[in-house]
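Work through the following exercises on charged side chains with the sequence and the model open beside you. Try each task before you read its solution.

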Amino acid sequence: TGTITANAAIVPAGIDSNGSINFYSASANPIHTVLDINGYFAPPGSPGGLKFYPVSPCRILDTRDPAGTFGGPIMSALETRDFPVPQSRCNIPSTARAYSLNATVVPVTTLPYLTLWPLGQTMPTVSTLNSLDGSIVSNAAIVPAGTNGTIRAFTVSPTHLIFDINGYFAP
């Protein structure tokens, strides 16, 4: 459609000594690509290594629901809000160090970007997803657990926000 789109991908490092990856576009038109790296997977048994624990998909929050920690109201323009994932109804243990989420936005109008990050760290200058045409958009995200397992969300424009969790990383 020619719109800016964020997409998460887990890509194996190349076999060359630099671990390079390649980009390919089937578009006949020139494109710009932005690559944000938000982590890597170390070999099994590495110090500090975590295991992935899949869970049945569970809705952590939906701001279309009645007001509350994991409900409404809609997120306002330039708002930051905290979500203590272990306190959700999804039974995610407090030992989780990162969450595998599907984040969805239902914007009122265009949404230049939404950013997710762990509470206690500086907000990154990258987007988790974008909706420049104001359509409902979702994207996968692996978000580290912050202070008390809390993650933060920042939105540039008013939008409803939905998080579904499908797994977590823990020792």
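**Exercise 1.** Decide whether Asp62 is buried or exposed, and then find its partner.

*Solution.* Asp62 has 5% relative accessibility and therefore counts as buried, where buried means under 20% relative accessible area, exposed over 50%, and partly exposed in between, with a 1.4 Å probe and protein chains only. Next, look for a salt bridge, that is, a side-chain nitrogen of Lys or Arg within 4 Å of a carboxyl oxygen of Asp or Glu. Asp62 forms one with Arg59, and the closest N and O atoms are 3.7 Å apart. Arg59, at 33% relative accessibility, counts as partly exposed. Finally, Arg59 and Asp62 are linked with Arg64 and Asp164 in a network of salt bridges.

The model is predicted, so local features need pLDDT of at least 70 and side-chain atom pairs count only at pLDDT 80 or more, while totals for chains, interfaces and linings use all residues. Residues are numbered from 1 along each chain as its sequence is written, and side-chain values use heavy atoms, leaving out hydrogens and water.

**Exercise 2.** Find which parts of the chain the pair Arg152 and Asp82 ties together.

*Solution.* In the salt bridge between Arg152 and Asp82, the closest N and O atoms are 2.6 Å apart. Arg152 lies in strand S7 (residues 150-155) and Asp82 in strand S2 (residues 79-84), so the pair ties together parts that are 70 residues apart in sequence; strands are DSSP runs (E, at least two residues), numbered from the N terminus. Arg152 counts as partly exposed at 26% relative accessibility, and Asp82 counts as partly exposed at 30%.

How values were computed. Helix = DSSP H or I, 4+ residues; strand = E, 2+ residues; numbered from the N terminus.
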